[in-house]
Amino acid sequence: MALPSSSLDGRRLRSERTRQTIMEAYIELLRERPEIPTAAQIAARAGFSTRSIFERFVDLQGLSLATVDHAFAMGEAQAVARNVDGDRATRLQSHVETRAHTCERWLPVWRVVVANQGKLEDLRARIRFIRQAIVKRMELMYRPELEVLSAEERRDLLIALESLIDFESWGRMREGHGLSFEEACSVWVRMIDRMLPPTPPARP
Amino acid sequence: MSGTDTPPPRPARVDGRRLRSERTKQLIIEAYLALAQENSPQVPTAAEIAHRAGYSVRSVFERFPDIRTLQVAAVDYAMVQIAALAPARDSHGDRATRIKTQVETRGQSCERWLPLWRSLVANQGDSPELRQRIVLSRERVVARLEFMYAPELSTLPETERRHILIVLESLTDVESWARMREFFGLSFEEACLAWRQAIDRLLPPTPGV
């Protein structure tokens, strides 16, 4: 006998929620300890059985990749581009603050992903994708300044800026040099400002 | 017991034994470094190290109580080599020359030591000794930057100088070099150019020019 569609939808929804809870438990564990947790640890944290995990994910690798995708989607949702049409100072401030919040929130997870990239080609692809997204965001935020440069100069500048605002660069300012969130943001704003060419006058 | 009963000291033999033991230690360290470079970021096993060095596993553990101690000794050995292979040159040159020299020297160090650095960072774990080496290595990079760009940095207030150095160190990090080469596909020369341009933009004007 076929189940009524509302019952099917409810089951799907519950299953999706369980999936999400499992991935969030995974992320929580990564934040606490910089190594890939076991399925038993994830299950215990999520409040499900280990079997529940493997009913929803083929294996731990599949879960790891799905979690990175989930984390990236959450990171993107939290880091919406703002003030894209603002003046130079506003765009700098907005971009740096958004990026800093992302680094602050996701650095522990990023470290585990990077440390384990050698074990999984798909993980390396995710890292490449995330770096491309970071570069694209800068292209969007600093379009007026980048437009005045030749293709090669633009590429080189974006590469240098990407290094500058890397997760680990943020980590070093905060952990290694003990800068506050605001101080670290101020360093990035001033340094990006130095590196960007002058803003061309707005077109009429 | 009379003095004539005492056998004469034989320092030459002791020295020879010590020398051989020291040489074995060095060969084990070199075997570790070669394997760490080849299989980065995996830490080689004692059996692999012994095999590569041409000794028994027992010989390895006679000289190093555990792999972590060997790892620390190997990092120290590598750091001495890095310093020896990358002396500061052209420190009194004009701005463009100093930037070019510093970037090329740093680029070559990154190129040569990237696998070992990755292995060190990935396997530092809870080891305070390895963490200390990472910090020391970064401090050396900063000291070199301070030395090479002394004229420009001298024009800045203390906090600003500190901030520029933090950023320059991040920019010229080993992983930043690796990204240019592996991810963005730049040649050695192109990567050097990207760093040169970025450093030139970050540094304040050279005084007296």
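**A tour of the chain contact, the core and the domains of chain B**

Start with both chains of this predicted model and select the contact between them: 19 residues of chain B are in contact with 18 residues of chain A. On the chain B side, colour α8 (158–171), α9 (174–183) and α10 (188–202), each of which supplies at least two residues of the side that touches chain A. Then keep α10(B), which gives the most to this side, with six residues. Colouring the side of chain B that touches chain A by residue class shows twelve nonpolar, four polar and three charged residues.

Next, the largest nonpolar core, which has 85 residues. Select A:Ala160, A:Leu161, A:Leu164, A:Trp188, A:Ile192 and B:Tyr32, the members that touch the most other members of this core. Add helix α5 of chain A, residues 88–115, which gives the most to the core, with nine residues. Then centre on A:Leu161: leaving aside residues up to four places away in sequence, A:Leu161 touches A:Met138, A:Ile192 and A:Met195.

Now hide chain A and split chain B into domain 1 (17–85) and domain 2 (89–209). The C-alpha centres of these two domains of chain B lie 28 Å apart. Their contact takes 13 residues from domain 1 of chain B and 14 residues from domain 2 of chain B.

Stay with the side of domain 1 of chain B that touches domain 2 of chain B. Here α1 (11–39) and α4 (67–85) of chain B each supply at least two residues, and α4(B) gives the most, with seven residues. Coloured by class, this side of domain 1 of chain B divides into nine nonpolar, three polar and one charged.

Terms used
Residues are numbered from 1 along each chain as its sequence is written. Chains are lettered from A and ligands numbered from 1 in the order in which they are written. This is a predicted model: local features need pLDDT of at least 70, side-chain atom pairs count only at pLDDT 80 or more; totals for chains, interfaces and linings use all residues. Two residues are in contact if their C-beta atoms, placed from the backbone, lie within 7 Å. Helices (H or I, at least four residues) and strands (E, at least two) are DSSP runs, numbered from the N terminus. Ala, Val, Leu, Ile, Met, Phe, Trp, Tyr, Cys and Pro count as nonpolar, Asp, Glu, Lys and Arg as charged, and the others, Gly among them, as polar. A nonpolar core is a set of buried Ala, Val, Leu, Ile, Met, Phe, Trp, Tyr and Cys residues joined through C-beta atoms within 7 Å. A residue is buried if 20 or more other C-beta atoms lie within 10 Å of its own, exposed if 12 or fewer, and partly exposed in between; C-beta atoms are placed from the backbone. Domain bounds come from an automatic or database domain assignment.
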